[in-house]
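Work through these exercises with the structure at hand. Try each task before you read its solution.

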Amino acid sequence: MYYSAVDVLYSQAVVSINNYQKYRHIQAPGWHLGWAWTKKEVIWGMMGAQTIEQGDCSQFKGNIPHCCRRDPTTVDLLPGAPNGMQVGNCCKGGVLSSWVQDPVNAVASFQITVGRSGTSNRTVKAPKNFTLKAPGPGYTCGAAQKVKPPTKFISPDGRRTTQAHVTWDVICTYSQFVAQRGPACCVALSSFYNETIVDCPKCSCGCQNNITNPGSCVEVNSPYLASVVNGPGKGSSTPLVRCSPHMCPIKVHWHVKANYRDYWRVKITISNWNYRTNYSQWNLVVQHPNFDNVTTIFSFNYKALNPYGVINDTAMLWGLKYYNDLLMVAGPNGNVQSELLFRKDPSTFTFEKGWGFPRRIYFNGESCVMPQPDLYPWLPSSSPRLTKTAFLALAIVACAMVAFLYNHLVLDKYCGKS
């Protein structure tokens with residue numbers, strides 16, 4: 001959920017965008033905020049942001065407004081903008097952190113000077129038809145709602161307070177269906193106690209078909225890989241993935257690594273199969289019943305989400321700053337990994353029937369495709385299908401028993417005759 005507040009003070013407006021979502025963030029190239037004026041307003045000047053188009057300002061002579069469009073779209077300034085153009089919480093290139101990862105950087109602000117708007121709460125009208133892109137679709141914004149009392153501003157020395165004429169709130173919500181996006185990640189599972197590796201389900205994020213959809217993926221050893229990655233569409237947000245049965249840009253591998261007397265260990269590997277996108281400030285949300293007993297996470301940040309109050313079965317993981325908070329494009333460096341150590345709870349702990357594997361996994365707020373539960377690597381003793389090793393072991397035991405019984409009968413017969 002995104003919240004925009006427009007505070008109008010005379011001909012000045014302060015716009016703030018707050019990202020209250022716990023684990024969905026906006027990464028580069030950043031947010032785009034748009035609206036439609038209700039009268040004949042124009043934007044004379046801006047600080048901390050800019051509109052992407054000036055529009056037709058030919059009716060003005062001499063002093064030309066910053067934007068004359070009836071439906072302006074604004075974007076954040078890039079880091080390093082001149083000091084005279086900066087305001088607090090601006091100039092991050094449109095990148096907003098999620099609320100759990102970094103609440104300080106989950107806020108963006110800019111100022112605009114509005115002409116033809118009036119100077120009182122009776123003449124100033126709220127804009128309408130707000131839109132928020134991040135940078136693609138998916139967000140639906142409601143109408144502006146008046147807030148009482150209006151926002152108050154405190155001077156830098158803290159000795160004076162001024163009040164806006166009027167404040168409006170606009171709430172924008174995200175929907176994966178509105179974004180018209182299919183799955184963007186999938187999950188593979190493995191364990192130390194079973195030789196079976198359950199890979200991502202086939203066609204998790206699409207099917208590889210060079211006939212109906214040519215160029216949808218690229219082979220890792222293709223001689224044309226460099227030209228495709230650096231060619232037209234390089235800056236596109238459309239993924240260019242490595243060819244695979246699952247065709248997902250992101251693959252998460254959960255491996256039950258070891259079992260100790262009082263603990264058990266898991267290794268998580270997140271691999272980027274997308275040749276076009278570096279995932280900055282990525283995060284992973286995992287649901288597993290043993291997160292109430294997690295003791296050590298070796299190279300990720302951790303935060304319990306507790307969506308069900310006292311039940312702690314959902315955790316958010318993300319990279320350490322300047323270490324692994326950037327998931328590079330597909331290639332040798334296109335993965336991050338960590339290990340998690342859990343304490344065993346005798347009342348609930350078991351490896352049977354896939355208990356050691358997660359229930360759900362989300363990457364950057366998108367639900368990942370999980371394998372079917374009946375395919376999980378089960379304990380050999382409870383596996384519905386015998387592996388080759390287990391079958392061979394049973395055959396050896398059976399042969400040994402037959403040999404033992406045969407020798408025993410022969411010995412009894414011999415001793416009886418004597």
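**Exercise 1.** Find the partner of Cys 203 in this predicted model, and state the handedness of the link.

*Solution.*
- Step 1. Cys 203 is joined by a disulfide to Cys 207. The distance from S to S is 2.1 Å.
- Step 2. Such a pair counts as a disulfide because its sulfur atoms are within 2.5 Å.
- Step 3. Turn to the torsion about the S-S bond of Cys 203 and Cys 207. The angle is about 125 degrees, so this disulfide is right-handed.
- Step 4. Check the surroundings. Cys 203 has a relative accessible area of 28% and is partly exposed. Cys 207 is partly exposed too, at 47%.

**Exercise 2.** Describe the disulfide between Cys 205 and Cys 248, and say where each partner sits in the chain.

*Solution.*
- Step 1. The sulfur atoms of Cys 205 and Cys 248 are 1.9 Å apart, and a disulfide joins the two residues.
- Step 2. The torsion about their S-S bond is about 90 degrees, so the link is right-handed.
- Step 3. Now place the partners. Cys 205 is in the loop between β15 and β16. Cys 248 is in the loop between β17 (241–242) and β18 (250–259). The pair is 43 residues apart and links distant parts of the chain.
- Step 4. Compare the accessibility values. Cys 205 has 22%, so this residue counts as partly exposed. Cys 248 has 0%, so this one counts as buried. The cut-off for buried is under 20%.

**Exercise 3.** Cys 67 is in no disulfide. Which cysteine sulfur is nearest to that of Cys 67, and how far away is it?

*Solution.*
- Step 1. The nearest cysteine sulfur belongs to Cys 68, 6.6 Å away.
- Step 2. A disulfide needs sulfur atoms within 2.5 Å. Cys 67 therefore has no disulfide partner, with its nearest cysteine sulfur at 6.6 Å.
- Step 3. Add the accessibility. Cys 67 is buried, at 1%.

**Exercise 4.** How many disulfides does a search of the whole structure find? Then analyse the one formed by Cys 186 and Cys 200.

*Solution.*
- Step 1. The search finds eight disulfides.
- Step 2. In the pair of Cys 186 and Cys 200, the sulfur atoms lie 2.2 Å apart. The angle about the S-S bond is 80 degrees, and the link is right-handed.
- Step 3. Cys 186 belongs to strand β14 (residues 185–191), while Cys 200 is in the loop between β15 (194–198) and β16 (217–218), so the disulfide ties together parts 14 residues apart in sequence.
- Step 4. Both Cys 186 and Cys 200 are buried.

**Exercise 5.** Locate the cis peptide bonds that lead into Pro 135 and Pro 149.

*Solution.*
- Step 1. The bond from Ala 134 to Pro 135 is cis, with omega near -15 degrees. Pro 135 is in the loop between β8 (128–133) and β9 (139–141).
- Step 2. Lys 148 and Pro 149 are also joined by a cis bond, with omega about -5 degrees. Pro 149 is in the loop between β10 (145–147) and β11 (152–154).

**Exercise 6.** Gln 281 and Lys 353 are not glycines, yet each has a positive phi. Where do they lie?

*Solution.*
- Step 1. Gln 281 has a phi of about 50 degrees. Its place is the loop between β20 (279–280) and β21 (283–287). Gln 281 is partly exposed, at 26%.
- Step 2. Lys 353 has a phi of about 55 degrees. Lys 353 lies in the loop between β26 (335–343) and β27 (360–363). With a relative accessible area of 62%, Lys 353 is exposed.

Key
Residues are numbered from 1 along each chain as its sequence is written. This is a predicted model: local features need pLDDT of at least 70, side-chain atom pairs count only at pLDDT 80 or more; totals for chains, interfaces and linings use all residues. Side-chain values use heavy atoms; hydrogens and water are left out. Helices (H or I, at least four residues) and strands (E, at least two) are DSSP runs, numbered from the N terminus. Buried means under 20% relative accessible area, exposed over 50%, partly exposed in between (1.4 Å probe, protein chains only).
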